[in-house]
Structure formats: C-alpha cells, structure tokens
Amino acid sequence: MANTSHFFSSFTLLQPSTPSKNLNFPQTQLPFNSQHHENKIRTSNRSLVALAASIPNTIPLNVDYYERQFNGHGVSFESINNSCVIKMELDNGSKATLMLPSGLITSYKPFMWHGGTVEVLHTSVSEAKTGEIVIQGGVSMDFKCAGDAGLRFSPSIWSLHDVRGSSDKYIQVELKSIDTKEMVDFKYLVTLREDLLCSELTITNSRSSSLQMVGSLMSHLTVSSPEATFAVGLQGSSYFCKQPLMSNFSIIPPDENEENSMNSSNSWAQKALKGIFPDWKSSENQDETEDTEKEEDDDCASMAEKFSRIYTTAPRQFTVLDRGRRNSVIMQRTGFDELYIYSPGSQHEMYGKYSYVCIGPSATLRPVNLEPGSVWRGAQYLCNPNL
C-alpha cells in the first residue's frame, strides 16, 4: 500500500488508573448468562472522501431525510459518493464518527479533564496497488453465521434504522443489517455517553432451527508505543496463542500479513469454523503451541512483544494502560465469553504507523449457539476513567 494517512491524536498528561469494580455503565447493559447465551479525527473533506471511497455503494443514503428525521438528537450527516458519515457530538465535547454502510466506527474522542478531547481509536486510510482506497482500524465487526440446509452468511452491510437520545445526555444510533438471511435479524447499537462508547450487537433467530456464530468486535486503540503499553487486571486468566484476526478492517504489519497469507488455512479460528462450516479447509501442519493453554502470570502484562491471544477465562473488564502518554482505557464486555488481544510489537514502529494495540470481545473458540426463537446480545464498552 502507498500514500498512507493515519488519523489519531495523542493522549496527553493523564494519570494512570486501574479498573474500578463499580463502574457506572449504562442501564442498557444486559447481564450475561453463560448457560443460555442470553437471552487527528477532525477529518478534512479530502479524508472523508477517502473514507467513503472505501465503502461499497450498495444502498441509497438519503442524507437530507436523515437530517430532517433525526434533527435535535446531537447527530449530523455528510454524504460522500453515496456513502454517509454520521457524526455524534455531546454538549460536553465528546465525539464519535460512524460510517455507513460499513458500520465502522472511525473515531472516538472523549472529553478530558484538561478541557479538550483525545482520540482513542487508531484508524488509517491508504491506497492499494490497484488504486483502491482502503480504510482500516477503528471499531469493526467480523461475524460468520451458519445454520442447517447450507445456510451461511456474514453481515457486513448496514442501514440506519433510528437515532435516539439528545446531546446533553447520550446519543444512540441503531443500525440493521440488510444482507442477512430470512428470519435472522442483526441489530447494531452504537451509544455515545459522556464517559464511554458502547458497541452492542443483538441477534434474533426467528427460524425453526438453531444458528451458530463465530467472530468478534475489534477495537484498534492508539497508543504511544506497544512497549509503553500494558494489560492490567488479567493475572491468572487462561489463554491460547493464536494467529491474528484477519478482516477487511484489520491493520497488520507487512511481515505478519505475509505469514498469514502463506498459512491462510491455519487461521486462529479454524477449529471453530471447521465445526460450523464442514468444507472449511484446515492445515495439517498446525502449530502445536496454538493448542497449548497458558496462564497470564503478570497483573500488568507488557505488550512490547508481538503476540496474539484469546483469553478464555478473563474478567469482564480490564485496563489498557499507556505509560508513555499516562492514559488508560477500560474495556468491559458482556455476552462474549472470550477476550482477544493483539499487539504488533514495538519492532514495527515507524512514524507511528503501528503505534496501536487491538482488543475485543470474541466468540471464536466457543461459538455462540442460538436456539430457535432465541435472542443473543453481546457488547463492548470503552471507558476512559480519567474524565
């Protein structure tokens, strides 16, 4: 790729923090039932064009209608090449940016104690060799579903269904997938509050047969350096070393991308996928270390080295601490059993290109099973405790 632009800004002069046991997350949060799976982005016009150009023009987007219909909710809309940029802004200054029809969150800027905002997400826009503009990073979804009679699909195209709230309290944007199969409903809620950003997925299986799903919500967090970044609160958690998650929105260093390409059949999700998709190819030379369960022995684990892990017994919330910029971000998950963490390692740093880490709730080693008529919800909350 060439002509790469990167959109992230610095975390500045914040005090380090460890997770609070009593965070006041929004009331829309649902408790998890493990038995039943309960039931800098001040983007320029040129940058927005690049963002929109990377999204398929598959559905009509009536921005004038959106402006009239959702006026007064703290959102604004911008139409670019039949694509739509949804800008959410609260009265206190906290902001988030969402793209349609991809559903990609490209920016989250919480208002800070010093009177300004900081960019939490790492997002890049680049040009492929074919000349196509590619957007990567941010907060994205990557899910694959399967059912009986060869039912298989992956929701990836989203339409705006509703906007709720107000700029003085919270803003919630509701999206629905338009490329899912009959009798299966995917709803995606993005909620901006003064102190957090929530991404919540709701799946309703109205079919007469069960449905299985694998995948994850993935957040690229911008940091000063992986070497100065630590995962706090995971001591004693069990994990497996797996190959990095690969999707259209993943930012992966070139050498690791090449390695994954050479071993594409040996993905970190291959066992779960093979169980759901019988014709999913797998490698006979799978790395034995991927089947070896390990335990986190450090409560402040360094992310300086390159690694990719799926934690199977991690707590519901943990902290990503960036000592270089004296900032911390708390991630909480509901619905998902697993936690995925990836670091490109400090050896890849060049002009800030790989100054990020990936975190996200996952359903990979333990796929989600939806019985007929059931509803499943999974969510990720990003909270900055230094507000």
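This is a short tour of the structure in your viewer, stop by stop.

**Stop 1: the whole protein**

Keep in mind that you're looking at a predicted model. Show the whole thing as a cartoon and you'll have 4 helices and 24 strands on screen. Of the 387 residues, 55% count as buried. Switch on the surface, and about 16700 Å² is exposed, with carbon and sulfur atoms supplying 45% of it.

**Stop 2: a cis peptide bond**

Now select Leu-100 and Pro-101. The peptide bond that runs from Leu-100 to Pro-101 is cis, and its omega is near 10°. Most peptide bonds are trans, so a cis one is worth a pause. Where does Pro-101 sit? Look in the loop between strand 4 (95-100) and strand 5 (105-109).

**Stop 3: two positive phi angles**

A quick bit of background: most residues other than glycine have a negative phi. Select Met-183, which isn't a glycine but has a positive phi of about 75°. You'll find Met-183 in the loop between strand 11 (170-177) and strand 12 (184-193). Is Met-183 buried, partly exposed or exposed? Its relative accessibility is 44%, so Met-183 counts as partly exposed.

Next, jump to Arg-326. Here phi is near 50°, again positive in a residue other than glycine. Arg-326 belongs to the loop between strand 20 (317-322) and strand 21 (327-334). With 36% relative accessibility, Arg-326 is partly exposed.

**Stop 4: a salt-bridge network**

Side chains of opposite charge can pair when their charged atoms come close. This structure holds 7 salt bridges. Select Asp-162, Arg-164 and Glu-174 and show their side chains: salt bridges link these residues in a network. Arg-164 meets Asp-162 at 2.9 Å, N to O. Arg-164 also meets Glu-174, at 2.8 Å, N to O. Glu-174 lies in strand 11 and Arg-164 in strand 10 (residues 158-166), so this pair ties together parts that are 10 residues apart in sequence.

Try colouring these residues by accessibility. Glu-174 is buried, at 5% relative accessible area, whereas Arg-164 is partly exposed at 26%. Asp-162 is partly exposed too, at 24%.

**Stop 5: a buried pair**

Finally, select Arg-309 and Glu-296. Their side chains meet in a salt bridge of 3.1 Å, N to O. Arg-309 lies in strand 19 (residues 307-311) and Glu-296 in the loop between strand 17 (294-295) and strand 18 (300-302), so the pair ties together parts that are 13 residues apart in sequence. Both Arg-309 and Glu-296 are buried, so hide the surface before you look for them.

Terms used
Residues numbered from 1 in each chain as written. Predicted model: local features only at pLDDT ≥ 70, side-chain atom pairs only at ≥ 80, totals over all residues. Heavy atoms only, no water. Buried < 20%, exposed > 50% of the residue type's maximum accessible area, 1.4 Å probe, protein only. Areas by Shrake-Rupley, 256 points an atom, 1.4 Å probe, with all protein chains shown as cover. Salt bridge = Lys/Arg side-chain N within 4 Å of Asp/Glu carboxyl O.
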